[in-house]
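Thanks for passing this one along. Below are a few points to read with the structure open beside you.

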Amino acid sequence: VKMTSHDNLNTFVGLCYNNIKDETYFMWKLCTRGSLQDLIANDDLKLDTDFKASFIHDIIRGIVFLHSMDIKEHGALRSSNCLVDNHWTVKLTDFGINRTINDCLKHREIDYTDNGVQELTPQKLLYVAPEHLRTYLSTKIMEVSQAGDIYAIGIIMHEILYRMEPYSEREDATEGETNSHFHFQSCHEIAVMESGDWDSRQG
Ligand SMILES: Nc1nc2c(ncn2[C@@H]2O[C@H](COP(=O)(O)OP(=O)(O)OP(=O)(O)O)[C@@H](O)[C@H]2O)c(=O)[nH]1
């Protein structure tokens, strides 16, 4: 990860271990304008079509590069991990880490405890491809794949183009229900339905 360098990837600074708290920190370069999730939610910020297209273009360039490298996939692609720098360039961050965390979880070197790995919030699960979501819900292990990245790009593209949170346009969503819990239920339903289709297509 440290040796990976590209215009649309954030720079990984290094790891920092706090032996008093027994915590490990992943340190990345600061991007001054925050995440795409922040920008999309900022109603004071006008984003025209060219701007939106440029964001999508940057994300795709970053992913195409990662997929061609040894890292192979991002593994945690969501709009909060698409940072925007001073020049309005999108830099993907937090890439290439999930696979290592999974391996450690599988071998029980770390676990989900107060000091261990944080479980994914319902909001973060909205970007997870149905086939990976199904595994995660039953095993708490998050599989990663290039196909999973492409699914996440689709969710982010919709978020950018329509400036709305994933799944918030569902016909049966009322105003009070547009929260992460509701979103997660939608996502879960879709995962269960689509993973069946996926399995049969693979077969
Ligand atoms: N301005 C600015 N905000 C950042 C930067 N990095 C992260 N953030 C903000 O912090 C939020 C949380 O990011 P992280 O600290 O990476 O949190 P996390 O628990 O890893 O969650 P995810 O980013 O969703 O994986 C982002 O959604 C941004 O709003 C940065 O470089 N600059």
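The points that follow take up the ligand, two helices and one residue ahead of the strands.

1. Please keep in mind throughout that this is a predicted model. The contacts and areas below are computed from that model.

2. A good place to begin is the ligand. There are 13 residues around the ligand, and Cys 31, Asp 38, Arg 78, Ser 80 and Asn 81 come nearest. By class, this shell is made up of three nonpolar, five polar and five charged residues.

3. Three polar approaches to the ligand deserve a look. A ligand nitrogen sits 2.6 Å from a polar backbone atom of Cys 31. On the side-chain side, an N or O atom of Arg 78 is 2.9 Å from a ligand oxygen, and an N or O atom in the side chain of Ser 35 is 3.5 Å from an oxygen atom of the ligand. As for cover, the ligand taken alone exposes 620 Å², of which the protein buries 59%.

4. Next, helix H5, which spans residues 130-139. Its buried residues are Pro 130, Glu 131, His 132, Leu 133, Thr 135 and Tyr 136. Just past the end of H5, Lys 140 has a positive phi of about 65 degrees.

5. Why does His 132 count as buried? Its relative accessibility is 8%, and the cut-off for buried is under 20%, so His 132 qualifies. Leaving out residues up to four places away in sequence, His 132 touches Met 142, Glu 143, Val 144, Ser 145 and Gly 148. Of these partners, Gly 148 is also listed among the buried residues of H6.

6. Helix H6 covers residues 146-162, 17 residues in total. From first C-alpha to last it reaches 25 Å, close to the 24 Å expected at 1.5 Å a residue. Just after H6, Arg 163 takes a positive phi of about 50 degrees.

7. Which residues of H6 are buried? They are Gly 148, Asp 149, Ala 152, Ile 153, Ile 155, Ile 156, Glu 159 and Ile 160. These buried residues pack against helix H1 (36-41), helix H2 (49-68), strand S3 (82-84) and H5.

8. Finally, a look at Thr 4, in the segment before strand S1 (12-18). Is Thr 4 buried or exposed? Thr 4 is buried, because its relative accessible area is 12%. Setting aside neighbours within four places in sequence, Thr 4 is in contact with Leu 9, Phe 65, Leu 66, Ile 71 and Phe 95.

Notes. Residues numbered from 1 in each chain as written. Predicted model: local features only at pLDDT ≥ 70, side-chain atom pairs only at ≥ 80, totals over all residues. Heavy atoms only, no water. Near = heavy atom within 4 Å. Polar contact = N/O pair within 3.5 Å; in protein donor to acceptor, adjacent residues only side chain to side chain. Areas by Shrake-Rupley, 256 points an atom, 1.4 Å probe, with all protein chains shown as cover. Nonpolar A, V, L, I, M, F, W, Y, C, P; charged D, E, K, R; others polar. Buried < 20%, exposed > 50% of the residue type's maximum accessible area, 1.4 Å probe, protein only. Helix = DSSP H or I, 4+ residues; strand = E, 2+ residues; numbered from the N terminus. Contact = heavy atoms within 4.5 Å. Expected span 1.5 Å × (residues − 1).
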